[in-house]
Amino acid sequence: MFYLSGWVPAVFKRRVKRSLEDLEEKLIIIYKPIKEIREGLAPPTYLKNGYLLRPFESIVKLYGIPSYNELDPTSFVGISYMLLFGAMFGDVGQGLVLFLIGEFLNRRKRRPNLGGVLARLGISSTFLVLSMEVYLDLKMFLKRM
């Protein structure tokens, strides 16, 4: 006899069932919702973020992974990091260099966290300085009219 216990995110429950259906007559599988878990047992945290914010999960993990019931701060960290970096380091040329270095690290060196963060910061730096230029040019144009 063998006993195995584990955690499966609800979004992967169907996939786990499909992968184990060949062994169905040899296994007893019991799925329990979070409400039925005994007190004192905390489920692990599953951070699920989109393509844009996924590299910033590594920064959040440096400070500690939030518990299961807490809010995932990755979206706040990623968006504020990109906006503040772009505002302080607003340069098109250096932003493009950061983007290229980030893409190189991401694709060639297989460093998706560092490469992803650098690429997004480079895009943010380039985009914010270009948007500020457009705003200032538009303001000057309207002033002359």
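Good morning. I shall begin with Arg110, which is exposed, with a relative accessible area of 65%. Please keep in mind throughout that the structure before you is a predicted model. Where does Arg110 lie? Arg110 belongs to the loop that joins helix H4, residues 92-107, to helix H5. The backbone here deserves a remark: Arg110 has a positive phi of about 55°, although the residue is not a glycine.

Let us step back from this loop into helix H4. How many salt bridges does the model hold? The count comes to one. Its partners are Arg107 and Glu103, and their closest N and O atoms are 2.8 Å apart. That pair qualifies because a salt bridge calls for a side-chain nitrogen of Lys or Arg within 4 Å of a carboxyl oxygen of Asp or Glu. Both residues sit in helix H4, four residues apart, which is about one turn of the helix. Are these partners buried or exposed? Arg107 is exposed, at 57% relative accessibility. Glu103, in contrast, is buried, with a relative accessible area of 15%. The label "buried" applies to Glu103 because its 15% falls under the cut-off of 20%.

I turn now to charge on the surface. Which residues form the patch of positive charge? They are Lys13, Arg14, Arg15, Lys17 and Arg18. Lys17, one of these, is found in helix H1, which covers residues 13-20. With a relative accessibility of 45%, Lys17 is classed as partly exposed.

There is also a patch of negative charge on the surface, gathered from Glu21, Asp22, Glu24 and Glu25. Glu25 is placed in the loop between helix H1 and helix H2, the latter being residues 57-63. Its relative accessibility is 65%, so Glu25 counts as exposed.

The surface has a nonpolar patch as well. Trp7, Ile34, Leu41 and Tyr68 make up this patch, and together they have about 370 Å² of accessible area. Let us take Tyr68 as our example. Tyr68 lies in the loop between helix H2 and helix H3, where H3 spans residues 74-88. Is Tyr68 buried, exposed or partly exposed? Tyr68 is partly exposed, having a relative accessible area of 40%.

My next topic is the aromatic rings. A pair of aromatic rings is described by the distance of the centres and the angle of the planes. A search of the whole structure finds three aromatic pairs. One of them joins Phe85 and Phe89, whose ring centres are 5.1 Å apart and whose planes meet at 35°. Why is this pair called tilted? The angle of 35° is neither under 30 degrees, as stacked rings require, nor over 60, as edge-to-face rings require, and therefore the pair is tilted. Both residues reach the surface in part: Phe85 is partly exposed at 23% relative accessible area, and Phe89 is partly exposed at 29%.

Finally, I would draw your attention to helix H5, residues 112-144, in which Leu138 lies. Leu138 has a relative accessibility of 46% and so counts as partly exposed. How many residues separate Leu138 from Phe2 in sequence, and what is the distance in space? The separation is 136 residues in sequence and 71 Å in space, taken from C-alpha to C-alpha.

To close, let me return to the starting point: Arg110, exposed at 65%, in the loop between helices H4 and H5. Thank you for your attention.

Note on methods: Residues numbered from 1 in each chain as written. Predicted model: local features only at pLDDT ≥ 70, side-chain atom pairs only at ≥ 80, totals over all residues. Heavy atoms only, no water. Patch = residues over 30% accessible without salt bridge, like charges linked within 9 Å, V, L, I, M, F, W, Y side chains within 5 Å. Areas by Shrake-Rupley, 256 points an atom, 1.4 Å probe, with all protein chains shown as cover. Lys, Arg positive; Asp, Glu negative; His and termini not counted. Charge placed at Lys NZ, Arg CZ, Asp CG, Glu CD. Helix = DSSP H or I, 4+ residues; strand = E, 2+ residues; numbered from the N terminus. Buried < 20%, exposed > 50% of the residue type's maximum accessible area, 1.4 Å probe, protein only. Phe/Tyr/Trp six-rings, centres within 6.5 Å; stacked < 30°, edge-to-face > 60°.
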